[in-house]
Amino acid sequence: MTYAGNPDNLKDIEENKNYEFVKGDVCDKNVVKSAMKGCDMVLNFAAETHVDRSIGTPEDFINTDVFGTYVLLEAARNFKIKKFIQISTDEVYGSIETGSFEETDVLNPSSPYAASKAAADLLVNSYFVTYGVPTLITRSSNNFGYYQYPEKLIPLFITNIIKSKKVPLYGDGLNIRDWIYVLDNCDAIDFILHNGILGEIYNIGAGNEKTNIKITKTILTELGKDESSIEYVKDRVGHDRRYALNCQKLNKLGWKPKFKFEEALKETIDWYKENKGWWEKIKSGDYLEYYKKHYKERHGMKG
Ligand code: DAU
């Protein structure tokens, strides 16, 4: 339950009989021990994930992403958990000018965030090799969809435009990301959970490479605005130019994405239009404080 944790995101499953919420820190061995007791599988989604924040405060990332993963692995080892899935990211490979990364490629992370995830991946693999903990690692490309915290490109830009604010585009706007709709990502993780070979790593992507300017223009058009809403700001330090994944390993195992990028983006925009109550609360609270303190300074914005 850090700044991005939000009980509102879990309302629709609150009544499920097979659901239980335990509030605790993944770095707290006792909490993890009592939460994991009696479980057969562990999926580790817990992470600090935002690159810009990791540039400001790397320590949170080392604690949660590296030490937290270690605590979970130790508990999984002791409880003889049947499957441990580590949710990782394409950012561990770093930037690539042409072509795409395969699971066996060298790790070359650029930000403290990406480095913390790469470290966790290595730790997970070591628990498979050394202790025989039955692990799997998934490396996904950029997610988008509903309930995404409005600090990431797509929800930040949608919510800014709805509020008639400008959108801060870093550098020349030509960085490329490979986008996957969150429902496809979750479906792929579930598929790997059931069909993946233990000890293996699987890239998850949907083959939607887009420049940031292209995404921005699509959002502006959908919301009836023009390019005067774009504010070109100072580039992110260490900004990776392009991410691209080779997902043949997962495709050969039998998984394919189901959603079309353009339709999923429209659905996402509609969701933010219809669920202002969810994000207005966030944008007026902690996030705004963070935005004021760190973001404007770093990007040389005035006002
Ligand atoms: O690739 C997977 C990763 O995608 C995940 O592991 C990370 O947790 C997630 O945060 C995301 O990382 P990115 O840095 O690619 O996502 P973000 O939404 O922060 O930025 C996407 C692109 O848009 C990137 O090139 C930076 C740019 N950008 C982002 C923001 C927030 C802007 O131009 N302006 C912005 O205000």
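A salt bridge is taken here as a side-chain nitrogen of Lys or Arg within 4 Å of a carboxyl oxygen of Asp or Glu. The structure is a predicted model, in which local features need pLDDT of at least 70 and side-chain atom pairs count only at pLDDT 80 or more, whereas totals for chains, interfaces and linings use all residues. Residues are numbered from 1 along each chain as its sequence is written, and side-chain values use heavy atoms, with hydrogens and water left out.

Under this criterion, a search of the whole structure finds 14 salt bridges. One of them joins the side chains of arginine 53 and glutamate 151, with an N to O distance of 2.7 Å. Because arginine 53 lies in helix H2 and glutamate 151 in the loop between strand E4 (142-144) and H5, this pair ties together parts of the chain that are 98 residues apart in sequence; helices (H or I, at least four residues) and strands (E, at least two) are DSSP runs, numbered from the N terminus. Arginine 53 is buried, with a relative accessible area of 9%, and glutamate 151 is likewise buried, with a relative accessible area of 7%, where buried means under 20% relative accessible area, exposed over 50%, and partly exposed in between (1.4 Å probe, protein chains only).

A further salt bridge is formed by aspartate 52 with arginine 236, whose closest N and O atoms are 2.8 Å apart. Aspartate 52 is placed in helix H2 (residues 51-56) and arginine 236 in the loop between strand E9 (230-233) and helix H8 (248-253), so that this pair ties together parts 184 residues apart in sequence. Both aspartate 52 and arginine 236 are buried.

The side chains of aspartate 172 and arginine 241 also meet in a salt bridge, at 2.8 Å from N to O. This pair links distant parts of the chain, with aspartate 172 in the loop between E5 and strand E6 (176-181) and arginine 241 in the loop between E9 and H8, 69 residues apart. Aspartate 172 is partly exposed, with a relative accessible area of 39%, and arginine 241 is partly exposed at 32%. In addition, Asp8, Lys11 and Lys281 are linked in a network of salt bridges.

Arginine 236 also belongs to the surroundings of the ligand: of the 24 residues around the ligand, Thr89, Asp90, Tyr113, Asn142 and Arg236 come nearest, a residue being counted as near if one of its heavy atoms lies within 4 Å. The residues of this shell divide into 10 nonpolar, 8 polar and 6 charged, with Ala, Val, Leu, Ile, Met, Phe, Trp, Tyr, Cys and Pro counted as nonpolar, Asp, Glu, Lys and Arg as charged, and the others, Gly among them, as polar. Helix H5 (153-162) and strand E5 (167-170) each supply at least two residues of the shell.

Oxygen atoms of the ligand lie 2.6 Å from a polar side-chain atom of glutamate 91, 2.8 Å from a polar backbone atom of leucine 153 and 2.9 Å from a polar side-chain atom of asparagine 212. Taken alone, the ligand exposes 680 Å², of which the protein buries 95%; accessible areas come from the Shrake-Rupley method with a 1.4 Å probe, and for residues only the protein chains shown count as cover.

Within the protein, the side chain of arginine 139 makes a polar contact with the side chain of tyrosine 93 at 2.9 Å. A polar contact is a pair of N or O atoms within 3.5 Å; within protein, one must be able to donate a hydrogen and the other to accept it, and residues adjacent in sequence count only if both atoms are side-chain atoms. Arginine 139 is located in strand E3 (residues 135-140) and, at 3% relative accessibility, counts as buried.

At the surface, Met41, Leu43 and Phe45 make a nonpolar patch of about 260 Å². Patches are made of residues with over 30% relative accessible area and no salt bridge, like charges being joined within 9 Å and nonpolar side chains (Val, Leu, Ile, Met, Phe, Trp, Tyr) within 5 Å. Methionine 41 is part of strand E1 (residues 41-44) and, at 32% relative accessibility, counts as partly exposed.

Most residues other than glycine have a negative phi. Lysine 80, in the loop between helix H3 (58-79) and strand E2 (83-89), has a positive phi near 50° and is exposed, with a relative accessible area of 69%. Serine 164, in the loop between H5 and E5, has a positive phi of about 60° and is exposed, with a relative accessible area of 57%.
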